Structures are given as structure tokens and as C-alpha cells.
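Subject: Structure handover

Hi,

Here is the structure for you to look over. My notes follow below it.

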Amino acid sequence: MTNEKKIINIIKIILSLTVIYIFIKVLIAKKYVMALVSIITLIFFNLPNLIEKIFRVNFPPLLELSVCLFTFGAIIIGDIFEFYSIIPWWDDLLHFTSGFLFIAVGMFFIDIILKKNKKIYLPLILKIIISFCFTVTLLTILECFEYGCDKLLGTDTQKDTIITKINSSELVKDNKSDSKIIDINSLYVNNNNWMNLYGGYIDIGLNDTMNDLLDGFMGALLFSIIDYFCLKNKGRKKLK
């Protein structure tokens, strides 16, 4: 075992012990959803080891560390410590970096396939495109997972956004326009004045979902471009 691998294992142990401590604490407090979230975090921590056993490969140490840190930042710090509410840009940052992470994971799986099937040849640009499609698919699955958690467990992973305007074709009563923008100036829900309490209405997670997908998309696109030119230059140096 290399020194790099030993250091990463130590970091993983520290993160895992922290999650176990949080699990015990929220379980005692009877916060069962948070306890389940803690278990899911530990499962994600061990995914690289599971992949190594299934495919009989060595998962890149830095990529393994990135998976653990991303999971800890997204689930533990983001949800349990409520950084998504405390720091407005925390959600955008994580979803943007997820584009980088998923592209790297996609490239790793492609390398595994190519090493096990040496007759298959893929040009670099095709590798990047496949990894990009893999990333977009994972981003979509994650949003579906969040939606499922909100519906089945009563969580609020798809954060609501306060809106003061509605652009709707459903509310148009004439045929002069396809849609109508309506400013929300007054709003009462259950006899409470929401304009005074919250400043508007809520979009029940649509803006959050689309922002997450766009953040991940932009992160994946940027990393794809960087990765393409880096690998292309690396290939040229080998030829020399």
C-alpha cells in the first residue's frame, strides 16, 4: 500500500467515524430520516472498495478521496448541518463540482472496459462524449433520487424558491398572447399573509432542480474541455 493510499484511508476513517457519531446522535434524538441519510453516506464511502472487488481494479486514490469528500459535503454538511440554507452558494458549488467528479468516474470506467477488451478502440473525443453523457445521466438520476426522498420520506432536498412572478399560459383568458406574466402583489395562504411573512410564493423545487442540473452540466462541460486538451497534449508528448 502506497503512502498516498494510507493517507486517504486515514481521512476516510476520520470521516466515517464522524458520520457514525452523527448517526448515533440523531438516532438518540429520534431523527430517523437523518439516521438513514447517515447510513447512505457510509454506503457511498465504500462504493470505491466495492467497485475494486467487482471489477478487480485499483480505484484511483485521489478519485476515491474526491468521492468521499463530495458525499460528506453534499449529505452531511449540506443536509444535516443545513449548509444549503446557511450558505446560498453551497448547493451550486457542489453540483458544479459534481460535473467534474462524474466525468472523472466515467473516464475511469471507460479505461476499465478498454483494458479488459483491448480489441476495442475509442478515439479521445468519443471517450469524452461518452463520459459527458454518463455524467448527465447520473445528474438526472440524483435529481430523481432527491424527488423520491421528498415524496416518500417527507424531506426537502429539492429546496423551494420564493417567487414574485408567474409566467403562465394556463392563466391567460384571451387569445392575444401565448403566456401571461403575473406579478404577485398579495398572497394569503391559510389566512396568513405570505407577502409579509416570506415575500412571495414558492415554486416547490423546480428552480432548485433545474439550477442543479445546469450547474452539473456546466461543470461537466468545462471539465470535458479541460480533460480533452490535457489528454491530447499528453498523447502528443508520448509520441515525441
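Accessible areas here come from the Shrake-Rupley method with a 1.4 Å probe. On that basis the protein chain exposes about 15900 Å². Carbon and sulfur atoms supply 65% of that area. Keep in mind that this is a predicted model.

Overall build. The protein chain has nine helices and six strands. Its radius of gyration is 22 Å, whereas a compact globule of 240 residues would have one near 18 Å. The C-alpha trace spans about 70 × 55 × 25 Å along its principal axes. Of the 240 residues, 34% count as buried. Take the contacts between residues at least 6 apart in sequence: 63% of them join residues at least 24 apart.

Surface patch. A nonpolar patch sits on the surface, formed by Val-33, Leu-36, Ile-39, Ile-43, Leu-152 and Leu-153. Together they have about 530 Å² of accessible area. Helix H2 (32–45) and helix H7 (124–153) each supply at least two of the patch residues. H2 gives the most, with four. One patch member, Val-33, lies in helix H2. Val-33 has a relative accessible area of 32%, so it ranks as partly exposed, the class between 20% and 50%.

Helix H3. Which residues are buried in helix H3 (residues 47–55)? They are Pro-48, Ile-51 and Glu-52. Seen down the axis of H3, these buried residues fall within an arc of 100 degrees, so they line one face of the helix. The general rule behind such a pattern: an α-helix has 3.6 residues a turn, so residues three or four places apart point the same way. Lys-53 and Ile-54 are exposed on the other side of H3. The buried residues of H3 pack against four helices: helix H1 (3–28), H2, helix H4 (61–80) and helix H6 (90–116). Just after H3, Arg-56 takes a positive phi of about 55 degrees.

Lys-127. This residue lies in helix H7. Is Lys-127 buried or exposed? Lys-127 is buried, because its relative accessible area is 18% and the cut-off for buried is under 20%. Leaving aside neighbours within four places in sequence, Lys-127 is in contact with Met-107, Ile-110, Asp-111, Leu-114 and Leu-122. Ser-224 is 97 residues away from Lys-127 along the chain. The C-alpha atoms of Lys-127 and Ser-224 are separated by 9.8 Å.

Best wishes

Technical notes. Residues numbered from 1 in each chain as written. Predicted model: local features only at pLDDT ≥ 70, side-chain atom pairs only at ≥ 80, totals over all residues. Heavy atoms only, no water. Patch = residues over 30% accessible without salt bridge, like charges linked within 9 Å, V, L, I, M, F, W, Y side chains within 5 Å. Salt bridge = Lys/Arg side-chain N within 4 Å of Asp/Glu carboxyl O. Buried < 20%, exposed > 50% of the residue type's maximum accessible area, 1.4 Å probe, protein only. Rg over C-alpha atoms; globule rule 2.2 N^0.38 Å. Contact = heavy atoms within 4.5 Å. Arc of directions from axis to C-beta.
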